[in-house]
Amino acid sequence: MSIKLDNVSYTYMQGTPYQKTAIREITLEIQQREFVGVIGHTGSGKSTLIQHLNGLLQPTLGEVLVDGVNLHTKSAESKSARRKVGMVFQYPEQQLFEETVFDDIAFGPRNLKLDADTVEARVRRAMDFVGLDFDAFSRRSPFRLSGGQMRRVAIAGVIALEPTYLVLDEPSAGLDPRGRDEIFGQILNLYHTSNITVILVSHNMEDIARMANRLLVMHDGIISLDGRPETIFGGSIDRLRAAGVDVPSVTTLLRKLKTAGLPVLGEALTPELATEEILAAMGGKYSA
Ligand SMILES: Nc1ncnc2c1ncn2[C@@H]1O[C@H](COP(=O)(O)OP(=O)(O)OP(=O)(O)O)[C@@H](O)[C@H]1O
């Protein structure tokens, strides 16, 4: 079970003077249950890449397979393979349109012609995942909610489709630190308590380093690095800089301490793990 890209290239406005190849010859396999972070400079091709994962963009060259099925045939198999991939776009709240939160989240499941009880069960479960109380919110208008709440409704609408793979493009964009922590906490909770695979595009290295177990670094339309976050952030800074990617600040701190002679491993990517490393390097004299 996987999403597989086989030699995929995509060119916008092909055949015009404005044509632009946004991703080139990408071969990639994402296995079920991975949590993949996609990072890279502006315009490196992240959004173009992820829009191939649910068949929204059709490769100019190459093919995309979900659980072994090519997304771009006219077969029913192809359609159901595309449905396995849920997509949360940037600023997804702009796509809310129903009169109540319930109807908005129920829109997808109803389209699948599920019976009313199943639809309600899915809406309840999705609202639970994004931390919205069913009784308090389901009858409210989505347009009278805060920005963070509207975004959660939009994400719940995708979760209610019960995708096998969940792709999120900058889900925390424009939220304050609290809203950002909440959204990421809910995504992590969903990942840990269901069988879902997550593919997350983010500019926030600290968050992505904390959550992902695999990182793809995009640079000028190709995947320039692919590996464990610890390996990538612990590796050559020059390669990351060339790809326009920051290193989490705790990694920079640990590198500096290591250079100064403190015997830290330098692998931690979160403040909590960095604290443990530093305290251990100090000979266990202090505790957190
Ligand atoms: N609809 C389009 N028409 C023409 N060119 C496009 C279109 N969408 C994207 N591009 C170009 O393709 C390249 C890759 O864009 P893409 O949006 O995939 O990058 P990105 O890494 O997601 O960027 P960002 O971090 O800014 O969202 C860029 O050079 C961009 O200008």
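Which residues of β3 are buried on one side and which on the other? In this predicted model, Phe 35, Gly 37 and Ile 39 lie on one side of the strand and Val 36, Val 38 and Gly 40 on the other, and all are buried, so that both faces of β3 are covered.

**Strand β3 and its partners**

Strand β3 spans residues 35-40, and six of its six residues are buried. Two strands pair with β3 in the parallel sense. Strand β8 (residues 197-201) does so over four bridges, and strand β9 (residues 214-219) over five bridges. Val 38 takes part in both pairings: its bridge partner in β8 is Val 201, and its bridge partner in β9 is Leu 216.

**The nonpolar core**

Val 38 is also listed among the residues with the most contacts inside the largest nonpolar core, together with Ile 105, Ala 156, Val 167, Ile 199 and Val 217. This core has 76 residues. Helix α6 (residues 147-159) contributes the largest share of the core, seven residues. Leaving aside residues up to four places away in sequence, Ile 105 touches Val 123, Ala 126, Met 127, Val 153, Ala 156, Gly 157 and Ala 160. Ala 156, one of these contacts of Ile 105, is itself among the residues with the most contacts inside the core.

Leu 166 is found in strand β7 (residues 165-169). Leu 166 counts as buried because 25 other C-beta atoms lie within 10 Å, where the cut-off is 20 or more. Outside the span of four places along the sequence, Leu 166 touches Gly 86, Val 158, Ile 196 and Val 198. Ile 187 is 21 residues from Leu 166 along the chain, and the C-alpha atoms of the two are separated by 9.6 Å.

**The antiparallel sheet**

A second arrangement of strands is an open sheet of four, in the order β2-β1-β4-β5, with antiparallel pairing. β2 and β5 (69-70) stand at the edges; each has a single partner strand, so one side of each has no neighbour in the sheet.

Strand β1 (residues 2-12) is joined to β2 by eight bridges and to strand β4 (residues 61-66) by five bridges. Towards β2, Ser 2 has Gln 31 as its bridge partner, and Leu 5 stands opposite Leu 28. Towards β4, Ile 3 stands opposite Val 66.

Ser 9 also lies in β1. Not counting residues up to four places away in sequence, the contacts of Ser 9 are Thr 21, Ile 23, Arg 24, Glu 25, Pro 59, Thr 60, Leu 61 and Gly 62. Ser 9 and Arg 180 are 171 residues apart in sequence, and their C-alpha atoms are 32 Å apart in space.

**Partly exposed residues and positive phi**

Most residues other than glycine have a negative phi. Two aspartates depart from this pattern: Asp 67 has a positive phi of about 45°, and phi of Asp 220 is near 50°. Asp 67 is found in the loop between β4 and β5, while Asp 220 lies in the loop between β9 and β10 (222-227). The table lists their C-beta neighbour counts alongside that of Ser 9.

| Residue | C-beta neighbours inside 10 Å | Class |
|---|---|---|
| Ser 9 | 15 neighbours | partly exposed |
| Asp 67 | 15 neighbours | partly exposed |
| Asp 220 | 17 neighbours | partly exposed |

**The ligand shell**

The ligand is surrounded by Tyr 12, Met 13, Lys 20, Ala 22, Gly 40, Thr 42, Gly 43, Ser 44, Gly 45, Lys 46, Ser 47 and Thr 48. By class, this shell has three nonpolar, seven polar and two charged residues. β2 (20-31) and α1 (46-50) each supply at least two residues of the shell, and α1 gives the most, with three residues. Gly 40 in this shell is also one of the buried residues of β3.

**Domain record**

An unreviewed UniProt entry lists residues 3-245 for "domain: ABC transporter". Over residues 3-245 the chain is 37% helix and 26% strand, and the C-alpha atoms at the ends are 25 Å apart.

Notes:
Residues are numbered from 1 along each chain as its sequence is written. This is a predicted model: local features need pLDDT of at least 70, side-chain atom pairs count only at pLDDT 80 or more; totals for chains, interfaces and linings use all residues. A nonpolar core is a set of buried Ala, Val, Leu, Ile, Met, Phe, Trp, Tyr and Cys residues joined through C-beta atoms within 7 Å. A residue is buried if 20 or more other C-beta atoms lie within 10 Å of its own, exposed if 12 or fewer, and partly exposed in between; C-beta atoms are placed from the backbone. Two residues are in contact if their C-beta atoms, placed from the backbone, lie within 7 Å. A residue is near a molecule or strand if its C-beta atom, placed from the backbone, lies within 6 Å of it. Ala, Val, Leu, Ile, Met, Phe, Trp, Tyr, Cys and Pro count as nonpolar, Asp, Glu, Lys and Arg as charged, and the others, Gly among them, as polar. UniProt positions are given in the numbering used here, feature names are shortened, and annotations may be inferred rather than shown by experiment. Two strands pair if DSSP finds at least two bridges between them.
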